[in-house]
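Trainee: I want to learn how to read cavities, pockets, cores and odd backbone spots in a model. Can we go through one together?

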Amino acid sequence: MKKDFTPTLLDFGPLRIYLARHFGFCYGVENAIEIAFRTVDQNPGKRIFLLSEMIHNPQVNADLQAHGVQFMQDNYGKQLISFDTLRSDDIVIIPAFGTTLELEEKLNKIGIQTEKYDTTCPFVEKVWNRSEQIAKKNYTVIIHGKPKHEETRATFSHAAFSAPAVIVKDMNQAIELAKYMRGEKPPAQFYEEFKEQYSDDFSVTHDLQRIGVVNQTTMLASDTQAIADYLKQVMIEKYELTAATVEERFADTRDTLCYATLENQQAVSGMLQTDADLAIVVGGYNSSNTSHLVELCEEKLPTYFISSEEKIISASEIVHYNFHAKEELLTKNFLPKKDPLKILITSGASCPDAMVEGVINKLVSFTPVTLSTDKLVGQFL
Ligand code: SF4
């Protein structure tokens, strides 16, 4: 059934907010937060660790830390607390994006039960299961993801357990990989070019003859699709395949996209049909899915990526994140003098809705609105 992706209009008179039809928390994140807080409640006096940041949201993580939860690694895999300090009666929570088999084994050896406090999202597990299925059929698993992202490392570890696996971070890398598939580049070069992105004993000449593509669930769905289509075409041309024989070389894995990522992205595309003045995207700066929403908006109009309403300093100043350069910037006069002023708003999968509300309220506070936020929200109840 075709879904409706038109944004919700919050009409304050001189200010019109177009809220994406789908935004914010997804099932996996909600589930993980719930399990984490329940674990804290049910285990007074126990040491509780999280393998790494639960989700890419600084406020939620700070809240967990305030409840006594300690993070073992930062988002980039840097060890903050040594595994040597862990005891068998400690609790270690596996975050929503899962973990590697190697880390799981390490914890199990210490005597820590990981299954009980595993918050791995079912949609991430779905990707692992799909990888396993295609691995069993002797396909090599190509993972479209950020090579250092925890979820991609976890998916890579699960895939590499049963099949050769390679990570490609974008279309450019897929194009380079295709050159090895066609024999256009010397195989030896692969090991340098794809360093730390291929499984042990990977053979360029043998392991790129039958492939399937899965993704880090928060990548841009359209990018993954483009990479899969491109590699499929490479296979078709190289092996002269037809629609009937393509599966001999290319596994169909279209169903590994996460519904929340996809819906949030489609809702942004729907929202971008509006002739607006600017877009504000709310979320953690290291959140992959949020940065993809920013990318989509940037193509169309001025876009400000902020982590909370506090970044909107005043009606004329905003501090926002440039995720390409990985730095915060101060922009003056970000609100054009228009009546009505039209602003698109969305948020990433790890952003609590209260933050979006905070951003709306801040914007409303700069405008001589004809309707209060409460009254306006009342119209939707
Ligand atoms: S974005 Fe998707 S895969 Fe990731 S935690 Fe949320 S529901 Fe799960």
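Trainee: By class, how many nonpolar, polar and charged residues does the lining of the largest cavity have?

Mentor: The lining of the largest cavity has 11 nonpolar, 10 polar and 1 charged residues. Ala, Val, Leu, Ile, Met, Phe, Trp, Tyr, Cys and Pro count as nonpolar; Asp, Glu, Lys and Arg as charged; the others, Gly among them, as polar. One caution early: this is a predicted model, where local features need pLDDT of at least 70 and side-chain atom pairs count only at pLDDT 80 or more, while totals for chains, interfaces and linings use all residues. Residues are numbered from 1 along each chain as its sequence is written, and side-chain values use heavy atoms, with hydrogens and water left out.

Trainee: What is a cavity, as opposed to a pocket?

Mentor: Both are sets of points on a 1 Å grid over the protein atoms alone. In a cavity, a 1.4 Å probe fits but cannot get out. A pocket is an open set with protein on both sides within 12 Å along at least five of seven lines. Lining residues have an atom within 4 Å of a point. Grid points are joined across faces, edges and corners, and a volume is the space filled by probe spheres set on the points.

Trainee: How many cavities of 30 Å³ or more does the structure hold?

Mentor: There are 2. The largest has about 270 Å³ of space. Its lining counts 22 residues, and Cys-26, Val-29, Glu-151, Thr-217 and Thr-218 lie nearest the centre. Helices H1 (27-42), H4 (122-136), H9 (259-271) and H10 (288-298) each supply at least two lining residues. Those labels are DSSP runs numbered from the N terminus: helices are H or I with at least four residues, strands are E with at least two.

Trainee: Which residues line the second largest cavity?

Mentor: Ala-260, Thr-261, Asn-264, Gln-265, Asn-289, Leu-293 and Ala-349. H9 and H10 are the elements that give two or more residues here. H9 has the largest share, 4 residues. The space is about 40 Å³. The class split is 3 nonpolar, 4 polar and no charged.

Trainee: Now the open sites. What volume does the largest pocket have?

Mentor: About 740 Å³. Of its 26 lining residues, Lys-146, Ser-288, Ser-291, Phe-323 and Lys-326 are closest to the centre. H10 gives the most to this lining, with 4 residues. The classes are 8 nonpolar, 10 polar and 8 charged. The second largest pocket has about 420 Å³. Among its 21 lining residues, Gln-73, Thr-100, Leu-103, Glu-150 and Arg-153 are closest to the centre. Helix H5 (150-162) gives the most to that lining, with 6 residues.

Trainee: How do I read a nonpolar core, and which element gives the most to the largest one?

Mentor: In soluble globular proteins, nonpolar side chains tend to be buried together. A nonpolar core is a set of buried Ala, Val, Leu, Ile, Met, Phe, Trp, Tyr and Cys residues joined through side-chain atoms within 4.5 Å. Buried means under 20% relative accessible area, exposed over 50%, partly exposed in between (1.4 Å probe, protein chains only). Here the largest core has 24 residues, and those with the most contacts inside it are Ile-280, Ile-343, Ile-345, Ile-360 and Leu-363. Strands E2 (15-19), E10 (278-282), E11 (303-306) and E14 (341-347) and helix H11 (353-365) each give two or more residues. H11 gives the most, with 6 residues. Apart from this core lies another of 23 residues, among them Val-166, Val-168, Met-181 and Met-235.

Trainee: Is Gln-197 buried or exposed?

Mentor: Gln-197 is buried, at 8% relative accessible area. Its place is the loop between helix H7 (187-193) and strand E8 (211-215). A polar atom of the Gln-197 side chain lies 2.7 Å from the backbone oxygen of Ile-167. Contact means heavy atoms within 4.5 Å. Not counting residues up to four places away in sequence, Gln-197 touches Val-166, Val-168 and Phe-156, among others.

Trainee: Which backbone spots deserve a look?

Mentor: Glu-196 has a positive phi of about 65 degrees although it is not a glycine. Glu-196 is exposed, at 59% relative accessibility. Asp-201 also is not a glycine, and has a positive phi of about 60 degrees. Asp-201 is exposed too, at 77%. Then check the peptide bond from Asp-339 to Pro-340: it is cis, with omega near 0 degrees.

Terms used. A polar contact is a pair of N or O atoms within 3.5 Å; within protein, one must be able to donate a hydrogen and the other to accept it, and residues adjacent in sequence count only if both atoms are side-chain atoms.
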